[in-house]
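Got your viewer open? Load the model and follow along, one selection at a time.

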Amino acid sequence: MSTADPVAALLSEADQLLAEAARRDLALRLAGSAGILRHCDACRAASAALARERPADLDFFAYRKQHTALGRMFTDLGYQADPAVAFSQEYGIDRLIYLGCRAATKIDVFLDALRMSHTIEFGGRLGTDGPSAAAADLLLAKLQIHQVTEKDLKDIATLLAAHPVGEEPGAIEAGHVLARLSRDWGLSHTATGNLSLAARLLPEWPAAGPVARQAAGRIDDLQRRIEAAPKSVRWRARASVGTRVRWYEEVGDADQQGQGDAGIAEG
Amino acid sequence: MMDPTQPKVVGVSGVFTRASSGLVRQVSTRDTVYYGVMAITIAYMVFIVTAWPGYPGSSMELATLLVTIGGVLLGVVYSLFAAVYPRSGGEYVFLSRVVHPSVGFVVSFLQAFWYAFYFGLNGAFFAIYGLAPLFTVLGLQMHSSGLTSAGTWFASHNGIFVMGSVLVLFIGFMVYRGMRGFFRLQRWAGAFAMASVLVTIVVLILGSTGALHFASEFNAIAGSGAYAAVERAGASPGFSTLATFNFMVWPAFSILFSVNMVSFSGEVKNVRRGPLVGIVGSMVVTGVLMIVLMWLGRGAFGDRFLQAAPSSSKVPVPPFLNVFASILGHNPVLTIVMSLWIVFVIPFALGSNVIYSSRAMLAWGLDGVAPRPFANVSERRHTPVFAIVTLVVLAEIALAIFTYTTWVEILSGFLGFAIAFAVVCVAGIFFPFTHRATLERSPANIRIAGIPLMTICGVLAAPFIGFIAYRTAVDKALGANAHISLIVNGILIAVGFAWFYALRWYRTSRGENVDRRFKEIPIE
């Protein structure tokens, strides 16, 4: 595969890591924007139609119980742990971060859960056939972003353009997504806000055409399902408080804190 | 410099740009408060009240209030430094960058040594102030010679050493397993301990208002007329301002220690709010609880009784506040419940000791001013195993010395801590002027009438800390100015400087630029 194409090089690096993990019998699935691109041909086509910027880093989902073996794998392959978080595992960040040394600028490995603006747990859900995590988890990982970017919104549109929401094979598992959103008001509030933003922006994105129309219809469908889904007592109790209390985690910069000596010279 | 994870709003409302994904640190503000409360160790109330008769005319409550105010000022300086330098490793991180690398190291070295010392001593305190009184009172209340004998054994040399060692090893193991589990355990223990304090307060209120009668309950245990005999021996001196000031060292030995939260400030979720709320909030909460317990304790047991009890031969139980509260409660279940603020809190005092020292050692190792093994973490647990094992060994030695010799006393290490607090205080006064640009780029750039808050708090805290340091050096009642304490602090300072310059020379001779690391600060 030619490395002149940055996306191809990035996905090639991802494939090598996935192959090595499989060889070591480790559950590792591609997530994030690269995971959406690598999920299926339909996702790749939709992403291209929406002119989604190329991703620069790699995100993976893995199991925490395998973190020692995973760490060894990345070290064996020449990756260096980000010093700012190399000593943070014991505090429960559930994440390995490696500095990029090939095509990817950075590699994140989320363990059992993605802990960002909201927490998306994927423990026990990495048994998918393909290289990427399940479409429902890929979608939730994007819907949970509090301060969403246009790239994130295009990823949401990509997934929904490529896959219907339902229970049939190939669909984004409606049951899983709705169950998650129906028990966490904060996540639900952020997710529906992001879906509305994506729907509003779809007509503005160039050359999206039928892909945009497909995505718009499914965004509308998902929003109606979310609204109709029965909510937990906890969801309703939190909804009564609303946005008067912060409903998301503040996301900081990995490099700003920690115990390593990563930093810049003063002055 | 632009923060790549701080999104900027662009174009359509609600859509942002972001150069890279961020990270959510996992130590919450709630955890920092629990940690601060545990590091302060409200259980020390027991020997604080026992020390009171040594300062005739002093007001425990006023002294504690003054210490809380002084502690808050110091705590603000610490938390602002944590906001400027959100790296784990304690004072070492910011003093080495702000004052001088050798000063940062020596202060940290001093602190780490004494925290290792108290890692062992707190194990002894667990048996002396927690288990021994609990079993002794339970034995008396339940007429069980077995329980009373157990209480006696816990107070014996071997009992103290064995139970102290068990606790040192348990906490060492918990810290080895990682901070996630430690904080989870701390939350539960902290909640139970606070509930226990509230129950104790209710019992003391009943005693103060006459609903429960301490004198008759005490006489039932110690013999008819025993309470009156003890009380008669007690003095009733008039209020003394000087004695109150002098007594401050005792609550200070407890309340000031929430500042050691800076040992893991690199892992706090919100580095502007977390350390400030954790350090200052825990000082205020614990200070208020201590004052309430002191005031109600005096009301329930009587000033003269509390003054005379520690030296009276007519008191057949350890002369501790928790013991007297248990006698007042006259119920074995209440006795157990009211012991939880001792037995559930002291283990986490050990925890704060070992966490501080091991994270400081890790920071030294990373900067190259300690042997490399100190910078190594377990592949499985991601914890600094070498540092933790070293500290367990040092704690066992300290525990053995405290248990089997008379060389050291409760406050023997306080002078070392007071020196460190004083250095931080002075550094905080001048930092906004010597490192103006660094402060202004940080979330600690808070000013009142144009004057940096760090400078204001440093200036106000300096006389307080100076006085505490002076008293620890001269107070005959403390053991802090015992000959060995002064000698050990002198040796530690000399060894610290020698260690730093020897390691620096060694690294430089191998082509490593150690000095460059001390010019680095976390990215804006």
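In strand 5 of chain A, which residue is the bridge partner of A:Ile97? Select A:Ile97 and look across: the partner is A:Asp108. Keep in mind as you go that this is a predicted model, with an ipTM of 0.81 and a pTM of 0.88 for the complex.

Now widen the selection to strands 4 and 5 of chain A. They run antiparallel and are joined by 5 bridges, with strand 5 covering residues 106-111. Follow the backbone from strand 4 to strand 5 and you'll trace a hairpin through 6 residues.

Next, add strand 3 of chain A, residues 80-81. Strand 3 pairs with strand 4 in the antiparallel sense, over 2 bridges. To find one pairing, click A:Gln80: its bridge partner in strand 4 is A:Leu99.

Stay on strand 4, residues 95-99, and show what surrounds it. Of its 5 residues, 4 are buried, so the strand is largely enclosed by the rest of the structure.

Time to switch to chain B. Colour it by secondary structure and you'll see 23 helices and 5 strands. Zoom out: the C-alpha trace spans about 80 × 50 × 45 Å along its principal axes. The radius of gyration of chain B is 24 Å, which agrees with the value near 24 Å for a compact globule of 524 residues. Buried residues make up 57% of the chain.

Last stop: colour chain B by pLDDT. The average is 91, and 95% of the residues score at least 70. Residues 1-10 of chain B are below 50, though this stretch has 24 contacts in the model beyond near neighbours in sequence. Where pLDDT is low, don't read the predicted coordinates in detail.

Terms used: Residues are numbered from 1 along each chain as its sequence is written. Chains are lettered from A and ligands numbered from 1 in the order in which they are written. This is a predicted model: local features need pLDDT of at least 70, side-chain atom pairs count only at pLDDT 80 or more; totals for chains, interfaces and linings use all residues. pLDDT is the predictor's confidence in each residue, from 0 to 100. Two residues are in contact if their C-beta atoms, placed from the backbone, lie within 7 Å. A residue is buried if 20 or more other C-beta atoms lie within 10 Å of its own, exposed if 12 or fewer, and partly exposed in between; C-beta atoms are placed from the backbone. Two strands pair if DSSP finds at least two bridges between them. The radius of gyration is taken over C-alpha atoms; the globule rule is 2.2 Å times the number of residues to the power 0.38.
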